[in-house]
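Subject: Handing over a structure

Hello,

I am passing a structure on to you. Please open it first, then read my notes below.

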Amino acid sequence: MPCVIRRDCGDRYENFHELALEVWTLREQVSALLDWLRTDRHQLDAASS
């Protein structure tokens, strides 16, 4: 089950990026999210964060 980062598009959300594909442990999913935030958070709009 991937960790999905979604983008707010007004009245709906769209999938922006998927992390930890085929990973089912919460610890590994959180670790993947933290790694992504450290390196790629600039990809998100300032209004989305």
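Among contacts in the protein chain between residues at least 6 apart in sequence, what percentage join residues at least 24 apart? It is 22%. Keep in mind that this is a predicted model.

**Confidence**

The protein chain has a mean pLDDT of 87. Of its residues, 92% score at least 70. Helix α1 has the highest confidence, with a mean of 93. Strand β1 has the lowest, with a mean of 88.

**Overall layout**

There are two strands and one helix in the protein chain. Along the sequence they follow the pattern β-β-α. Strand β1 covers residues 3-8. Strand β2 covers residues 13-19. Helix α1 covers residues 26-40. Taken along the principal axes, the C-alpha atoms fill a box of roughly 30 × 20 × 10 Å.

The protein chain has 49 residues, and 14% of them count as buried. Its exposed area is about 4100 Å². Carbon and sulfur atoms supply 52% of that area.

**The hairpin**

β1 and β2 pair in the antiparallel sense. Six bridges join them. One bridge links Arg7 to Glu14, which lies in β2. The two strands form a hairpin, with four residues between them. Gly10 sits in the turn and has a positive phi of about 80°. A general point helps when you look at the strands: in a regular strand, side chains alternate between the two faces of the sheet.

**The loop between β2 and α1**

Start with Ala20, which is found in this loop. Its phi is near 55°, a positive value in a residue other than glycine. Ala20 counts as buried because its relative accessibility is 17%, under the 20% cut-off.

Glu22 is in the loop between β2 and α1 as well. Phi of Glu22 is also positive, near 65°, and this residue is not glycine either. Is Glu22 buried or exposed? Glu22 is exposed, because its relative accessibility is 70%.

Val23 has its place in the loop between β2 and α1 too. At 18% relative accessibility, Val23 counts as buried. What does Val23 touch, leaving aside neighbours within four places in sequence? Its contacts are Met1, Glu28 and Gln29. Asp45 is 22 residues from Val23 in sequence. In space, their C-alpha atoms are 27 Å apart.

**Helix α1**

Gln29 is found in α1. It counts as buried, at 13% relative accessibility. Not counting residues up to four places away in sequence, Gln29 touches Met1, Ala20, Val23 and Trp24. Two of these names will be familiar: Ala20 and Val23 are in the loop described above.

Ser31 is in α1 as well. With 35% relative accessibility, Ser31 counts as partly exposed. Leu19 is 12 residues from Ser31 along the chain. The C-alpha atoms of this pair are separated by 10.0 Å.

**The salt bridge**

How many salt bridges does a search of the whole structure find? The search finds one. Asp35 and Arg38 form it, with their closest N and O atoms 3.0 Å apart. Both residues are in helix α1. They are three residues apart, so about one helical turn separates them. Asp35 counts as partly exposed, at 41% relative accessibility. Arg38 counts as exposed, at 57%.

**A nonpolar patch**

Which residues make the nonpolar surface patch? They are Leu26, Val30, Leu34 and Leu37. The patch measures about 340 Å². Leu34 has its place in helix α1. With a relative accessible area of 40%, Leu34 is partly exposed.

**Where to look**

For a quick tour, begin at the turn of the hairpin with Gly10. Go on to Ala20 and Glu22 in the loop. Then find Gln29 and its contacts, including Met1 and Trp24. Finish with the salt bridge between Asp35 and Arg38.

Best wishes

Notes: Residues are numbered from 1 along each chain as its sequence is written. Side-chain values use heavy atoms; hydrogens and water are left out. Buried means under 20% relative accessible area, exposed over 50%, partly exposed in between (1.4 Å probe, protein chains only). pLDDT is the predictor's confidence in each residue, from 0 to 100. A salt bridge is a side-chain nitrogen of Lys or Arg within 4 Å of a carboxyl oxygen of Asp or Glu. Contact means heavy atoms within 4.5 Å. Patches are made of residues with over 30% relative accessible area and no salt bridge: like charges are joined within 9 Å, nonpolar side chains (Val, Leu, Ile, Met, Phe, Trp, Tyr) within 5 Å. Accessible areas come from the Shrake-Rupley method with a 1.4 Å probe; for residues, only the protein chains shown count as cover. Two strands pair if DSSP finds at least two bridges between them.
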